Amino acid sequence: MKYLVYIIFGLFLSSQLMNDDGYARSKRKKKSKVYKKKKRSKKTITRKDDLKFNQIKSKYRRGEISKAQLWAQMQNFEKSSVRLTHDNRLKLLQLQSLMLRSDGYPITSSLYAIEALKKSKSSSYKDTQSAWVILAETSRKQPIQNLLEETASQIKTKKTPPGFGNNWFYFKGNAAYAKKSYKNALKFYKKLKINDHHFLSARHQIGSIYFKKDDLKNSALAFKTMLNSVSQTLAPISDADRKSLSNYAKIALARIFYQQGKFKNAIRFYRSVDRDSSLFYDALFEQSWAFFMAGYPNHTLGALHGVESPFFEKVFNPEASVLRAITYYWMCRYEDSRTALADFTDRHAEAVESLSEFLDRKRLRPETAYQLFENYALGVSSSSLGIPKNVLESASSTESMTLLRQQYAALVDELDSIEAKGVFNTKKNLRAEQLVRGYMKSLKKQIGSQFIVELKGLKRQYERLYEQSQFLYVELLMSEKEQLLGRELHASSKLDKVSKRQKITGWGKDNQAWGNNGLNEFWWDEIGFYIYNIQPMCKTH
């Protein structure tokens with residue numbers, strides 16, 4: 001790839017230098033008197049700067065100046081006093097973009113490339129081909145997804161840009177998806193072919209849109225396509241990306257089967273999510289609901305035992321306590337259910353109360369929300385932040401937040417490097433630093449806005465669970481009263497026996513299903529394989 005950059009760089013310079021002699025000849029033409037004198041002043045300055053621009057490139061081509069000298073000279077043309085023709089201004093930006101990429105600054109290089117695209121007045125790609133190729137190559141290795149989606153939304157293209165091919169439709173689709181224009185998004189996503197770089201990602205988006213539309217059949221088809229052996233083989237992506245996308249497809253299919261009431265199928269797909277995946281916790285918790293709905297309360301409690309282990313102590317999940325209480329309730333173990341409800345209140349009420357007060361008091365804006373996120377990331381204590389860290393951890397670890405954080409972190413690394421090492425050892429890079437800081441400001445605002453969305457979502461989730469817990473508490477009181485009278489409330493629905501079946505799809509022959517030994521010891525290889533061994537206490541006869 002490094003050599004490809006040098007080849008493109010050389011060809012780009014060669015194509016620009018072909019017109020140097022034309023500039024020299026045009027300068028020799030004579031001008032007439034008074035009327036043309038006024039215009040000549042401006043044209044002479046322009047041609048002087050253009051001529052100098054081409055001469056510097058010629059010197060580099062002949063080996064008379066180094067890359068560092070070329071970069072320093074190119075920066076002089078960024079000054080407002082310099083007048084270049086529109087074509088040369090585009091060439092300058094693309095040349096700088098190529099140089100930045102060759103010196104190890106791919107994201108900053110992309111910002112220069114996008115500047116060239118925004119300044120281009122042509123609907124064709126003749127004058128911006130280099131910029132598009134740089135963006136396409138960078139997109140395959142660097143986290144610039146938001147940058148490309150913004151570009152796709154702002155710049156109209158009649159054909160697919162150079163270097164992207166059908167992959168450009170993925171970013172067009174994401175831009176439409178962000179605006180909730182799902183019909184247009186589907187149209188774009190479906191244009192990607194099976195051997196395109198973003199084909200599997202596009203299939204995931206297609207599945208997500210159909211799921212939103214409650215079209216579970218087409219949604220499942222899209223996710224199954226992602227797991228198809230042909231799709232997996234032809235996908236021109238890294239093994240790590242292939243594995244990650246497969247896990248997204250698996251958990252999506254599990255959710256579809258759960259929605260359809262096919263709980264055993266849901267369990268199978270939940271349990272196929274890799275343990276080292278960022279989705280493992282979600283799969284572990286969601287399968288506990290699938291176990292419950294399928295009639296396996298001991299497996300439900302076992303899954304929850306793993307969910308609430310120290311491995312996930314930073315996760316804010318009050319729903320786990322509520323599900324535990326519901327499970328015990330339907331097994332007529334009312335004292336255990338009451339204890340789980342008390343645990344729900346004791347562990348989470350104070351956290352949500354502080355979150356509610358914070359949201360009401362601060363009336364968060366994106367800027368202040370980002371500051372809260374940054375303080376949390378820097379390790380500021382919960383008492384100083386005003387919100388427990390597990391709440392902030394959960395809000396900052398969602399898929400949307402993780403994507404924004406990755407892009408911001410990569411940008412910070414590049415800026416630090418530019419300031420420390422410079423570009424070709426040149427420390428004065430004002431324009432490059434301005435572009436990076438400008439995009440950092442935009443990302444900060446996006447992070448802050450998304451952080452507000454996540455925090456408010458956690459607050460709404462707790463309020464919903466609190467209402468459920470209050471309803472369950474009333475049911476508990478009524479059930480205990482009925483049991484004292486020798487009867488059982490909702491007797492026909494309650495469990496008077498628990499399935500003896502221990503083998504659930506997803507457990508291999510070599511896997512050990514561990515019971516709760518009461519010692520509160522946890523081993524990572526046991527998480528997901530716990531099974532409780534308790535009996536219901538229902539008086540149904």
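Arg140 counts as partly exposed, at 33% relative accessibility. Partly exposed means between two limits: buried is under 20% relative accessible area and exposed is over 50%, with a 1.4 Å probe and protein chains only. The side chain of Arg140 meets that of Glu137 in a salt bridge, at 3.7 Å from N to O. A salt bridge here is a side-chain nitrogen of Lys or Arg within 4 Å of a carboxyl oxygen of Asp or Glu. Glu137 is buried, with a relative accessible area of 17%.

This is a predicted model, in which local features need pLDDT of at least 70, side-chain atom pairs count only at pLDDT 80 or more, and totals for chains, interfaces and linings use all residues. Residues are numbered from 1 along each chain as its sequence is written, and side-chain values use heavy atoms, with hydrogens and water left out.

## The whole protein

The protein has 24 helices and zero strands. Both are DSSP runs numbered from the N terminus: helices are H or I with at least four residues, strands are E with at least two. There are 541 residues, and 50% of them count as buried. The protein exposes about 28400 Å². Carbon and sulfur atoms supply 51% of that area. Accessible areas come from the Shrake-Rupley method with a 1.4 Å probe, and for residues only the protein chains shown count as cover.

Contacts tell how the chain is folded together. A contact means heavy atoms within 4.5 Å. Take the contacts between residues at least 6 apart in sequence: 68% of them join residues at least 24 apart.

## Salt bridges

The structure holds 14 salt bridges. Side chains of opposite charge can pair when their charged atoms come close. Three of the pairs are set out here.

| Pair | Closest N and O atoms | Relative accessibility |
|---|---|---|
| Arg140 and Glu137 | 3.7 Å | Arg140 33%, Glu137 17% |
| Glu286 and Arg255 | 2.8 Å | Glu286 19%, Arg255 33% |
| Arg333 and Asp336 | 3.0 Å | Arg333 18%, Asp336 28% |

Salt bridges that share partners also join Glu308, Arg324, Asp343 and Arg347 into one network.

Glu286 and Arg255 form a salt bridge. That pair links distant parts of the chain, 31 residues apart. Glu286 belongs to helix H16 (residues 280–294), and Arg255 to helix H14 (residues 239–259). Glu286 counts as buried, while Arg255 is partly exposed.

In the third pair, Arg333 counts as buried. Its partner Asp336 is partly exposed.

## The cavity

Rolling a probe the size of a water molecule over the atoms shows where empty space is left. A search of the whole structure finds one cavity of 30 Å³ or more. On a 1 Å grid over the protein atoms alone, a cavity is a set of points where a 1.4 Å probe fits but cannot get out, and lining residues have an atom within 4 Å of a point. Grid points are joined across faces, edges and corners, and the volume is the space filled by probe spheres set on the points.

The largest cavity holds about 40 Å³ of space. Its lining is made by Ala136, Ser139, Arg140, Phe164, Asn167, Phe171, His197 and His198. Helix H7 (129–139) and helix H9 (167–178) are the elements that give two or more residues to this lining.

## Ile194 and Ser231

Ile194 lies in the loop between helix H10 (182–189) and helix H11 (199–212). Ile194 is partly exposed, at 30% relative accessible area. Together with Val230 and Leu234, Ile194 makes a nonpolar surface patch of about 220 Å². Patches are made of residues with over 30% relative accessible area and no salt bridge; like charges are joined within 9 Å, and nonpolar side chains (Val, Leu, Ile, Met, Phe, Trp, Tyr) within 5 Å.

Ser231 is found in helix H13 (residues 229–234). At 2% relative accessibility, Ser231 counts as buried. Beyond its neighbours within four places in sequence, Ser231 is in contact with Ile194, Phe199, Leu200, Thr225 and Met226.

## Asp49 and Asn317

Asp49 sits in helix H3 (residues 34–61). Asp49 is buried, with a relative accessible area of 13%. Not counting residues up to four places away in sequence, Asp49 touches Phe77, Val82, Arg83 and Leu84. Asp49 and Arg83 are 34 residues apart in sequence, and their C-alpha atoms are 6.3 Å apart in space.

Asn317 is placed in the loop between helix H17 (297–307) and helix H18 (319–330). Asn317 is buried too, at 12% relative accessible area. Leaving aside neighbours within four places in sequence, Asn317 is in contact with Tyr281, Phe285, Val307 and His348.

How values were computed. 1 Å grid on protein atoms, 1.4 Å probe; cavity = no way out; pocket = protein on both sides within 12 Å on 5 of 7 lines; lining within 4 Å.
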